[in-house]
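Q: Hi! I have a protein model open and would like to go through it with you. Can we start with the overall picture and then look at some details?

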Amino acid sequence: MAALLLGGVLVGLLDRRPAPPKGSYQGVRDADDPRPSPRHAVPSGSTAVLERPEVDEAPAVVAEPEPAVVEEGETAPAKPEYERPEAAGSRLARLRARLLKSNNVFGKGLLALLSQDRIDDDVWDEIEETLLMADLGTEPTLELVDRLKARVTVEGTRDPEQVRTLLREELVAMVDPSMDRRLAATRRGDRPAVTMVVGVNGVGKTTTVGKLARVLVAEDRTVVLGAADTFRAAAAEQLATWGARVGVETVRSEKEGADPASVAFEAVEHGIAEGVDVVLVDTAGRLQNKANLMDELGKIKRVIEKQAEVDEVLLVLDATTGQNGLTQAKVFAEVVDVTGIVLTKLDGTAKGGIVIAIQRQLGVPVKLIGLGEGPDDLAPFTAEGFVDALLAD
């Protein structure tokens, strides 16, 4: 049954337009999507003048495997074998199973309360408390309770299966399946799609960039990584390691503390020269109350846009931080125009309601979720799949 549900989710998310030439990963949005969007508006046939940022430092370098030197008479070594990341279907099935185990107490609690023979004010108070404890937020909680009250009164059912259907419909509506959760991951004209990944310290941005590269490689997209987190000593090395495992180049600076905007610029420039599909730019962790760091994030975006539009700004949030993540999200959205959310650590102690709360506050979709430490524990988010995992037996 789970496989059938997942199949339906995948089919529903696939772009109905002709498949792009480099794969058709569900959840990946064509950067040439004709729908109007100010972030993607580029005059047809325009030729941008590339302007380098004014920085006085050594240029970034490209980290890639060095070719082996073959002496006369020796046999040339075999080409390096890169890992083949897990495909979307099996990835979603596995992650859905994990989500079911970690969050189904929330769904089962609601089902038990709504299936009682008599639902009085005390029961509705318990339902409200359950939703609030799931980090749904006050306004969405009151809205959902009002909807459930109205439907329970009209339909008057206590049959567990009918109650499950009712609750599923209301939760899916609140998660909002109409939001466009696809990623811009296809070249537009003579340039790659560009994605910036931002967030506060400790949420797993660099790891998320590495995992996202694997997601794209699994769909035969070509990728360049930009190590613009130049303040954390191990960040560039960590990112280069992620890339090397799947044969993806990483543009990084040899100088610790280098200007991150310069590295980001070089990464995009290299992506244009190499004709890749996507450039993923990692950034340093910003504390949302540090104005200078936030300003620098805006600078990175402006410098990149001297040669290419930034198609996606993905904000990585730790789902276990609950409502505190909303404060972080608001500040980042003011600086860099966030286009999508990546929720990490949605397993464990995370509460499922945070998905609804964040989307309501920002009007920005959750596009990807992480449910573990494995290299392929990152997958596209779907409203139906998420709710089905919450309510599954």
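Q: Okay, how many helices and strands does the chain have?
A: The chain has 12 helices and 11 strands. Keep in mind that this is a predicted model.

Q: And what share of the residues count as buried?
A: Of the chain's 393 residues, 52% count as buried.

Q: What about contacts in the chain, how many join residues at least 24 apart?
A: Taking the contacts between residues at least 6 apart in sequence, 79% join residues at least 24 apart.

Q: Let's do helices. How are two packed helices described?
A: By two things: the angle between their axes and the distance between those axes.

Q: Then what angle and distance do α4 and α5 have?
A: Helix α4, residues 138-155, packs with α5 at an angle of about 150°, and their axes are 11 Å apart. The cut-off for roughly antiparallel is over 145 degrees, so α4 and α5 are roughly antiparallel to each other.

Q: Which way does α4 pass α5, left-handed or right-handed?
A: The crossing of α4 and α5 is right-handed.

Q: Which residues make that contact?
A: From α4, they include Leu144, Leu148 and Val152, along with charged-looking names you may recognise such as Arg147 and Glu155. From α5, they include Leu167, Glu170 and Met174. The residues of the contact divide into 9 nonpolar, no polar and 6 charged.

Q: Now α9 and α10, how do those two cross?
A: The axes of α9 and α10 (residues 324-336) come within 9 Å and cross at roughly 40°. That angle makes α9 and α10 oblique to each other. α9 passes α10 in a right-handed crossing.

Q: Who's touching whom there?
A: Met294, Leu297, Gly298 and Lys301 of α9 make the contact with Val331, Phe332, Val335 and Val336 of α10. By type, the residues of this contact are 6 nonpolar, 1 polar and 1 charged.

Q: Switching to loops. Where is Gln307?
A: Gln307 is in the loop between α9 (291-304) and β8 (312-318).

Q: Is Gln307 buried or exposed, and why?
A: Gln307 has a relative accessible area of 6%. Buried means under 20%, so Gln307 is buried.

Q: What does its side chain reach?
A: The side chain of Gln307 reaches the backbone oxygen of Phe265, at 2.8 Å. Also, the C-alpha atoms of Gln307 and Val268 are separated by 7.9 Å, and these two residues are 39 apart along the chain.

Q: Okay, and where does Arg191 lie?
A: Arg191 lies in the loop between β3 and β4 (193-198). Arg191 is buried, with a relative accessible area of 6%.

Q: Which side chain does Arg191 make a polar contact with?
A: With the side chain of Asp311, in a polar contact of 3.0 Å.

Q: One more topic: phi angles. What sign do most residues have?
A: Most residues other than glycine have a negative phi.

Q: So what is phi for Asp176?
A: Phi of Asp176 is near 70°, a positive value in a residue other than glycine. Asp176 sits in the loop between α5 (160-175) and β3 (183-184). At 24% relative accessibility, Asp176 counts as partly exposed.

Q: And Asp220, what's phi there?
A: Phi of Asp220 is near 65°, a positive value in a non-glycine residue. The loop that holds Asp220 runs between α6 (205-218) and β5 (223-228). Asp220 is partly exposed, with a relative accessible area of 46%.

Methods: Residues are numbered from 1 along each chain as its sequence is written. This is a predicted model: local features need pLDDT of at least 70, side-chain atom pairs count only at pLDDT 80 or more; totals for chains, interfaces and linings use all residues. Side-chain values use heavy atoms; hydrogens and water are left out. Helices (H or I, at least four residues) and strands (E, at least two) are DSSP runs, numbered from the N terminus. Buried means under 20% relative accessible area, exposed over 50%, partly exposed in between (1.4 Å probe, protein chains only). A polar contact is a pair of N or O atoms within 3.5 Å; within protein, one must be able to donate a hydrogen and the other to accept it, and residues adjacent in sequence count only if both atoms are side-chain atoms. Axes are lines fitted to C-alpha atoms, for helices over the stretch in contact, and angles run from 0 to 180 degrees between N-to-C directions. Angles under 35 degrees count as roughly parallel, over 145 as roughly antiparallel, 65 to 115 as roughly perpendicular and the rest as oblique. A crossing is left-handed if the near helix is turned anticlockwise from the far one by less than a right angle, and right-handed if clockwise. Contact means heavy atoms within 4.5 Å. Ala, Val, Leu, Ile, Met, Phe, Trp, Tyr, Cys and Pro count as nonpolar, Asp, Glu, Lys and Arg as charged, and the others, Gly among them, as polar.
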